[in-house]
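Reader: I would like to go through the labels used for this model and hear the grounds for each.

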Amino acid sequence: RQNKQKGDDYELQIGKYYQQLGYKVYFKGIKEGLKDQGIDLIAYKGKEALLIQCKNWQNSQVKQEHLRLFLGDCTAYLEQNHNIFAKKKVKRVFVTSCKNIDYGVQKFVEENNVEYTIIPYNHR
C-alpha cells in the first residue's frame with residue numbers, strides 16, 4: 001500500500017513536470033491501476049505524444065529487462081490504439097528516481113530510441 005502511494009506520488013510529480021512543459025497529461029496509471037498496461041502517463045503536445053513509465057526506485061537499479069518490458073508494453077499499446085497515435089510522433093520515455101544507470105541500460109536506451117530521464121523524487 002505504501003509503495004503504491006509512493007508510486008502514485010511520483011506519477012503525479014512527473015505528470016506535473018510535463019504539464020509545466022506545456023503537455024496535456026493523462027494519468028493512466030493512477031486512473032486505471034493495474035490495467036494501465038505498463039504505461040503510467042500519456043502526454044500530448046501538438047503532434048507529439050509521450051508514453052511514459054515512472055519508476056520511483058531510490059534503492060533498486062533499473063535493469064535492461066525493465067526497459068524491454070516497457071518497450072513491449074508500448075508496442076502492444078500502440079497497436080491496440082493505432083487510430084489515436086497514427087498521426088502523432090510518439091516518444092517512449094522511461095522516468096526513474098534511481099540515480100545510477102548501468103552500462104546495459106545505457107546501451108539499450110541508445111539502441112532502442114528510448115528517452116531515459118532521471119528525476120529525483122520530491123518527498124512531500
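Reader: Why is Glu115 called partly exposed?

Author: The model is a predicted one. Glu115 has a relative accessible area of 35%. Buried means under 20% and exposed means over 50%, so Glu115, at 35%, falls in between and is called partly exposed.

Reader: What makes Lys91 and Glu115 a salt bridge?

Author: The closest N and O atoms of Lys91 and Glu115 are 3.8 Å apart. The cut-off for a side-chain nitrogen of Lys and a carboxyl oxygen of Glu is within 4 Å, so the pair counts as a salt bridge. It links distant parts of the chain, with Lys91 in strand 4 and Glu115 in strand 5, 24 residues apart. Lys91 is partly exposed, at 27% relative accessibility. Glu48 also belongs here: Glu48, Lys91 and Glu115 are linked in a network of salt bridges.

Reader: How do you know that strand 4 and strand 5 pair?

Author: Pairing needs at least two bridges. Strand 4 (residues 89–96) and strand 5 are joined by 5 bridges, so they pair. The two strands run parallel. One of the partnerships is that of Val95 with Thr117 in strand 5.

Reader: What makes strand 5 an edge strand?

Author: The open sheet has 5 strands in the order 1-2-3-4-5, with mixed pairing. Strand 5 (114–118) pairs on one side only, as does strand 1 (24–26), and these are the edge strands. From one strand to the next the twist averages 25 degrees.

Reader: Why is Lys28 called buried, and what is Glu32 called?

Author: Lys28 has a relative accessible area of 1%. Buried means under 20%, so Lys28 is called buried. Glu32 is at 27% and counts as partly exposed. Lys28 and Glu32 form a salt bridge, with their closest N and O atoms 2.6 Å apart. Both residues lie in helix 2 (residues 28–32), 4 residues apart, about one turn of the helix.

Reader: How do you know that Lys4 and Asp8 form a salt bridge?

Author: The N to O distance between the side chains of Lys4 and Asp8 is 2.8 Å. The limit is within 4 Å, so the pair qualifies. Lys4 and Asp8 both lie in helix 1 (residues 2–20), 4 residues apart. Asp8 is buried at 15%, whereas Lys4 is partly exposed at 39%.

Reader: How many salt bridges does this rule give?

Author: The count comes to 5 salt bridges.

Note on methods. Residues numbered from 1 in each chain as written. Predicted model: local features only at pLDDT ≥ 70, side-chain atom pairs only at ≥ 80, totals over all residues. Heavy atoms only, no water. Axes fitted to C-alpha atoms, helices over the stretch in contact; angles between N-to-C directions. Buried < 20%, exposed > 50% of the residue type's maximum accessible area, 1.4 Å probe, protein only.
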